Amino acid sequence: MSEYRIQGATGEWEVVIGLEVHAQVTSQAKLFSGAATAFGAEPNTQVSLVDAAMPGMLPVPNRECIRQAVRTGMAIKAQINKWSRFDRKNYFYADLPQGYQISQLYHPLVGEGAIEISLDEKNPDAQVKTIGIERIHVEQDAGKLMHDQHPTRSYVDLNRSGVALMEIVSKPDMRSPAEAGAYLSKLRTILRYVGSCDGNMDQGSMRADVNVSVRKPGEPFGTRTETKNVNSVRFVMAVVEHEASRQVDVLEAGGKVVQETRLYDPDKNETRSMRSKEDAHDYRYFPDPDLLPLELDDAFLEECRQSLPELPDAKRQRYEQALGLSAYNAATLTADADTARWFEALLAEGARIQKKSEGEVAKASANWLLSELYGALNRLGKTLEESPVSPEEGAELLALIADGTISGTIAKQVFEIMLETGDSAPRIVEEKGLKQTSDTGAIEAAVAKVLADNADKVEQYKAGKEALFGFFVGQTMKAMQGKANPQVVNELIRKALA
Amino acid sequence: MTNLTDLTVAEIRDGFRAGDFSAREVAAAFNANVAAAKALNAFIVETPEKALEAADAADRARAAGEALKPLSGVPIGMKDLFCTEGVQTTAASHMLEGFKPTYESTVSKKLWDAGAGMLGKLNLDQFAMGSSNETSYYGNVISPWRRGGGDNAALAPGGSSGGSSAAISARLCPAATGTDTGGSIRQPAAFTGISGIKPTYGRCSRWGIVAFASSLDQAGPMARTVRDNAILLESMAGFDPKDSTSLDLAVPQWEASLSSDLRGKKVGIPREYRPDGLNAEIAALWDRGIEWLKDAGAEVVEVSLPHTKYALPTYYIIAPAEASSNLARYDGVRYGQRDLPDGAGLQDMYAATRAAGFGPEVKRRIMIGTYVLSAGFYDAYYTQAQKVRALIARDFDQAFEKCDLLLTPTAPSASFALGEKQADPLAMYLNDVFTVPASLAGLPAIAVPGGLDAQGLPLGLQIIGKALDEQTVLNAGLAIEERAGFAARPEKWW
Amino acid sequence: MSIDLQTVKKIASLSRISVTDAEAEAMVPELNNILGWVEQLGEVDVTGVEPMTAVIPNHLRLRDDVVTDGNVRDKVLANAPQAEHGFFAVPKVIE
């Protein structure tokens with residue numbers, strides 16, 4: 001594995017990265033209140049009296065939020081703590097109505113686990129690294145401050161206040177921007193598989209606090225900075241790159257890295273110190289006396305385990321080993337839960353209508369999805385979820401190719417018509433008369449004409465220019481308007497030239 | 001004709017049902033007493049119209065022959081720590097001056113649903129922090145009691161539920177709600193010659209009660225008799241899914257099961273509650289209490305609660321710690337007072353708002369709480385206190401292996417003059433020495449009047465029971481009540 | 001442990017309670033007196049004792065994931081010292 005090093009004036013520097021990812025737990029209601037969590041509502045409409053911290057209001061935890069965090073923990077093979085507690089983190093801010101955030105410091109719900117990341121996209125098994133997870137705990141999100149609505153005032157919207165977050169804390173195991181990016185992508189994939197977070201980074205459902213420090217290789221960890229609320233994989237990588245080189249510059253100029261909170265400005269592509277939050281924080285954590293310890297029983301844990309889907313690593317291996325897909329295709333198809341779900345629906349339907357095993361239809365299905373369908377969606381600017389062609393319709397098209405009804409070339413035409421009209425493949429083939437023919441008489445006639453029209457090329461072929469075989473096939477197919485069975489065409493040409 | 005304001009809750013309820021008087025007559029009589037007692041400063045807000053409204057509803061129901069509710073016809077006072085929808089709720093602070101909740105606390109709602117009417121919001125120590133009712137932003141509550149011999153010094157009604165205790169003993173209401181964090185129901189009851197019970201932690205929902213210290217706060221009733229306490233508590237208690245610490249248990253029929261026959265019960269007398277220098281009159285009353293319980297058939301055993309002396313310091317770490325966090329929400333953003341000096345930023349606004357909105361005792365406790373939770377001190381103070389608290393609870397568990405209930409004094413002295421202990425916070429804290437241990441252990445405890453001291457001031461006895469055993473606590477209280485025959489009442493001077 | 005003026009000011013700042021120098025000075029002996037008194041807890045042997053977590057044995061109930069609340073903006077904003085356009089308003093915060 002090539003190591004990432006920053007070349008400084010005093011030599012090489014190594015960067016050390018840890019990520020604290022805040023992932024919004026998928027749930028209808030908030031962590032401690034019955035208010036809704038939906039994105040984009042009118043200000044302060046999804047706020048209960050509990051979320052607004054009215055006097056005498058009390059928290060009651062949402063089972064689903066706990067369940068999703070436990071399932072996430074299980075997905076990264078982490079230790080699940082059957083006894084955990086909620087603590088209060090005390091600080092004053094306008095987006096924090098209680099004056100404290102209910103979180104888990106001393107006894108988190110989920111303990112140590114790990115995530116494997118692949119660093120070579122083309123060959124996902126080539127460069128694998130394990131990134132340790134320190135813990136996952138559950139906590140409340142804060143509200144939102146708007147600064148641009150009034151010249152002298154900030155406005156407070158508490159719709160997000162109290163929404164459940166999982167804070168997923170990695171160990172400082174990453175050593176390059178690429179590793180940080182791969183880790184965040186992989187984590188997002190896992191969360192989406194598990195269904196515990198929708199992973200919508202542009203809506204703030206997932207955001208990362210990026211801890212970065214630099215050191216000379218082999219030396220102890222340096223002082224780290226924490227860049228808050230970075231909301232895309234690309235930005236995380238940019239933060240690591242910029243923060244690491246900034247720290248190297250500071251150190252090489254004889255300065256010291258200050259342990260501080262920083263903010264990333266994507267427009268300027270730089271990080272800057274958050275001076276307003278710098279006054280010495282003392283969060284005075286203590287167990288929330290409004291809540292009892294959270295004790296989980298075996299039945300609860302068993303349900304969490306049973307409800308876990310096949311996870312990306314396992315799925316990728318199965319695609320390679322049981323379905324015979326290439327490592328690259330397997331990795332691409334499993335990188336996102338929705339893609340894998342679509343693929344598996346395509347596979348299941350294909351196997352059903354072709355009366356074959358999934359393994360037998362897998363390759364053709366994967367190739368069609370990754371080249372034909374993805375190409376079309378790219379052109380249309382649509383996502384897989386928005387695909388105008390359903391997996392069932394795709395499977396029908398593939399079945400027509402597989403049973404020789406149409407050729408691959410015709411299939412491309414049929415697919416275009418499907419995209420435009422929404423008609424099914426069999427209907428298009430039927431209506432447009434695109435069925436490929438194996439009528440040897442017609443094909444023989446076409447072959448004879450092609451060879452007769454190209455007598456010079458037949459000469460050349462016979463003199464040893466075998467590459468011309470393809471030309472004869474192409475001309476014959478063209479004469480047949482693409483509807484001839486290519487195998488039959490091959491056979492008949494070979495016979496005629498013999 | 002009977003003076004309606006001299007009736008107990010049970011007598012009002014039964015007399016109203018029997019048709020002896022109308023609910024409106026009762027409400028009007030108490031409203032008149034409230035209006036005539038401004039000198040006591042027991043109420044922050046008077047709501048005579050609410051009392052009449054509930055009374056009229058009761059009268060209509062009775063006229064229509066409808067089934068009457070448990071508290072139909074009974075007006076009560078509501079400690080101003082319970083959020084009442086549309087009626088100012090201040091916790092006796094400037095911070096919440098003008099705050100009109102858009103919701104009703106679970107306990108007050110249960111009482112209104114049971115037919116009770118509200119006479120008004122009762123004064124208290126600010127945010128329930130105090131033992132003399134001298135920390136209210138709305139002024140001291142004056143006890144209706146005075147020392148004998150022409151001493152007209154204004155006395156403390158106890159605290160924090162001092163408005164409740166003063167109002168009941170002065171016949172401004174037949175009963176009231178209180179809350180008890182370290183003795184705030186029991187000590188004021190003792191100071192004013194009435195009864196009050198703090199139920200087991202978790203019996204009454206805390207939802208909608210302005211929080212002081214979450215792991216200690218419990219609502220409970222205050223009234224002149226043990227029976228009245230049982231009646232009120234039945235309506236106040238019960239499972240509330242909105243409070244995670246609420247106990248999911250059926251509410252017992254405490255009133256129906258009242259019995260002062262204590263045969264077969266063992267009464268523990270904790271030796272640590274009789275320190276050197278215990279007030280002689282208190283000690284003598286305690287001895288009388290022991291005899292009364294024996295007379296009721298109980299067996300008396302000596303028990304030990306070895307960590308008793310650490311209860312107060314434990315309490316004064318845990319309660320301020322929780323309070324410092326619970327009171328962080330008072331920041332001038334969403335409700336209550338806001339103090340925004342010229343050019344102030346957000347954090348300046350917080351500091352100014354909280355400096356102006358909190359009184360000195362509240363600030364003191366927030367500061368102590370902040371300190372004991374701060375980095376480097378958390379384990380030494382808070383964790384240590386929670387460990388000692390576990391030991392204190394264990395003391396009770398071990399004592400209850402030998403007995404069914406404990407008998408102790410309620411407070412170390414009778415009521416004192418306002419201002420007497422204000423200069424020394426510690427001296428004030430010591431008032432709760434006998435009440436705090438049961439709070440730390442979450443146990444039910446009642447204060448009942450036992451007699452008067454030489455100056456003519458009431459003294460109380462406390463009965464502490466096992467968790468969830470309010471019945472034995474009430475029964476023993478009744479046994480004392482029957483034998484003490486406490487009939488003294490303050491002479492009206494206001 | 002005894003606290004000094006500096007510490008009192010720091011605690012006041014952490015508590016977001018503004019204090020004048022005179023107030024802070026008056027608090028020094030007051031708080032020391034109370035803290036000195038609670039420190040007697042240090043003498044209790046707590047070897048093997050777990051800190052209390054629940055006053056009365058009880059287990060934490062979990063609620064179902066159902067929207068049962070919210071849509072009460074008027075109630076939420078009813079007591080606000082300053083509410084505009086459906087928001088709470090505070091002095092401008094510079095981040």
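**Exercise 1. Find out whether A:E112 is buried, partly exposed or exposed, and describe its surroundings.**

Step 1. Start with accessibility: A:E112 has a relative accessible area of 44%. With a 1.4 Å probe and protein chains only, buried means under 20%, exposed means over 50%, and partly exposed is in between. A:E112 is therefore partly exposed.

Step 2. Before going on, note that this is a predicted model, in which local features need pLDDT of at least 70, side-chain atom pairs count only at pLDDT 80 or more, and totals for chains, interfaces and linings use all residues. Residues are numbered from 1 along each chain as its sequence is written, chains are lettered from A and ligands numbered from 1 in the order in which they are written, and side-chain values use heavy atoms, with hydrogens and water left out.

Step 3. Now place the residue: A:E112 sits in the loop between β5 (100-103) and β6 (113-118) of chain A. Helices (H or I, at least four residues) and strands (E, at least two) are DSSP runs, numbered from the N terminus.

Step 4. List its partners, leaving aside neighbours within four places in sequence: A:K77, A:A78, A:Q79, A:I133, A:E134 and A:K171 are in contact with A:E112 (heavy atoms within 4.5 Å). With A:K171 there is a side-chain to side-chain polar contact at 3.2 Å. Such a contact is a pair of N or O atoms within 3.5 Å; within protein, one must be able to donate a hydrogen and the other to accept it, and residues adjacent in sequence count only if both atoms are side-chain atoms.

**Exercise 2. Work out which parts of chain A the salt bridge of A:K129 and A:E179 ties together.**

Step 1. Apply the rule: a side-chain nitrogen of Lys or Arg within 4 Å of a carboxyl oxygen of Asp or Glu. For A:K129 and A:E179 the N to O distance is 2.8 Å.

Step 2. Look up the elements. A:K129 belongs to strand β7 (residues 128-140) and A:E179 to helix α2 (residues 177-194), so the pair ties together parts of chain A that are 50 residues apart in sequence. Both residues are buried.

Step 3. Compare with two other pairs. A:E310 and A:K315 form a salt bridge at 3.1 Å; A:E310 is partly exposed at 28%, while A:K315 is buried at 6%. B:R334 and B:D331 form one at 3.2 Å, with B:R334 buried at 2% and B:D331 buried at 3%. Over all chains the count comes to 67.

**Exercise 3. Describe how chain B and chain C meet.**

Step 1. Count residues: 73 of chain B are in contact with 49 of chain C.

Step 2. Take the area. About 5,000 Å² is buried between the two chains, 71% of it on carbon and sulfur atoms; buried area is the accessible area (1.4 Å probe) that two parts lose on being put together, summed over both. B:M367, B:Y371 and B:L426 supply 14% of what chain B buries here, more than any other three residues.

Step 3. Add the polar side. The rule finds two salt bridges across this interface; C:E43 and B:K309 meet in a salt bridge at 3.4 Å, N to O. There are also 19 residue pairs in polar contact, both at pLDDT 80 or more.

Step 4. Finish with the elements: α12(B) gives the most to the side of chain B that touches chain C, with 12 residues.
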